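Me: I have a protein open here and would like to go through it slowly. Could you walk me through it, explaining the terms as we go?

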Amino acid sequence: MIYYPCFGAAPSWHGSSSMDDFLRDSLPIEKDVEGLCHTYRHLLYHNTRYVQTQAAGDESGVRRRKCLLPCTPLAVVKILE
């Protein structure tokens with residue numbers, strides 16, 4: 001379990017962002033319970049409500065499910081609509 005911010009404003013070794021950004025974006029979408037990883041933030045920005053994932057052990061391959069959206073940004077999107 002990760003509580004943000006872990007490293008504060010410490011710069012990252014991989015670019016201009018912080019280490020917290022690296023940790024948050026390295027989580028797979030199946031494990032992200034807050035909806036803060038890059039995939040969910042990208043889908044929220046583009047107002048995409050469903051994500052297609054690879055189903056484990058399924059021969060058909062693709063599973064469609066609702067996006068996990070953080071409540072505050074989702075409220076802003078609803079207000080702007």
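Reply: Let us begin with a term we will need: a contact means heavy atoms within 4.5 Å. This is a predicted model, in which local features need pLDDT of at least 70 and side-chain atom pairs count only at pLDDT 80 or more, while totals for chains, interfaces and linings use all residues. Residues are numbered from 1 along each chain as its sequence is written, and side-chain values use heavy atoms, with hydrogens and water left out.

Me: OK, so which residues does Asp32 touch, not counting those up to four places away in sequence?

Reply: Leaving out residues up to four places away in sequence, Asp32 touches Cys37, Tyr40 and Leu68.

Me: And where is Asp32 found?

Reply: Asp32 sits in the loop between helix H1 (19-25) and helix H2 (38-45). Helices (H or I, at least four residues) and strands (E, at least two) are DSSP runs, numbered from the N terminus.

Me: How many helices and strands are there in the protein?

Reply: There are 3 helices and 2 strands, and along the sequence they follow the pattern α-α-β-β-α.

Me: Back to Asp32: which side chain of opposite charge is nearest to it?

Reply: That is Arg41, but it is 7.2 Å away, and Asp32 is buried yet has no salt bridge. For charges, Lys and Arg count as positive and Asp and Glu as negative, while His and the chain ends are not counted. A salt bridge is a side-chain nitrogen of Lys or Arg within 4 Å of a carboxyl oxygen of Asp or Glu. Buried means under 20% relative accessible area, exposed over 50%, and partly exposed in between (1.4 Å probe, protein chains only).

Me: Then which backbone nitrogens does the side chain of Asp32 reach?

Reply: A polar atom of the Asp32 side chain lies 3.2 Å from the backbone nitrogen of Glu34, and the side chain of Asp32 also reaches the backbone nitrogen of Leu36, at 2.9 Å. A polar contact is a pair of N or O atoms within 3.5 Å; within protein, one must be able to donate a hydrogen and the other to accept it, and residues adjacent in sequence count only if both atoms are side-chain atoms.

Me: Which backbone oxygen does the side chain of Arg24 reach?

Reply: The side chain of Arg24 reaches the backbone oxygen of Leu36 at 3.5 Å. Arg24 has its place in helix H1 and, at 16% relative accessibility, counts as buried.

Me: New topic: how many salt bridges does the structure hold?

Reply: It holds 2 salt bridges. In one of them Arg41 pairs with Asp25, the closest N and O atoms being 2.3 Å apart. That pair links distant parts of the chain, with Arg41 in helix H2 and Asp25 in helix H1, 16 residues apart.

Me: Are Arg41 and Asp25 buried or exposed?

Reply: Arg41 counts as partly exposed, at 35% relative accessibility, and Asp25 is partly exposed too, with a relative accessible area of 36%.

Me: What about Glu81 and Arg49?

Reply: Their side chains meet in a salt bridge (3.6 Å, N to O). Glu81 lies in the segment after helix H3 (71-80) and Arg49 in the loop between H2 and strand E1 (50-54), so the pair ties together parts that are 32 residues apart in sequence. Glu81 counts as exposed at 61% relative accessibility, whereas Arg49 counts as partly exposed at 28%.

Me: Which residues make up the largest nonpolar core?

Reply: This core has 9 residues in all, namely Ile29, Cys37, Tyr40, Leu43, Leu44, Val51, Cys67, Leu69 and Val77. Its largest share, 3 residues, comes from H2. A nonpolar core is a set of buried Ala, Val, Leu, Ile, Met, Phe, Trp, Tyr and Cys residues joined through side-chain atoms within 4.5 Å.

Me: Why is there no bond between the sulfurs of Cys37 and Cys67?

Reply: The sulfur of Cys37 is 9.6 Å from the closest cysteine sulfur, in Cys67, which is too far for a bond. A disulfide is a pair of cysteine sulfur atoms within 2.5 Å, and by this rule the count comes to 0 disulfides. Cys37 counts as buried at 1% relative accessibility, and Cys67 is buried with a relative accessible area of 12%.
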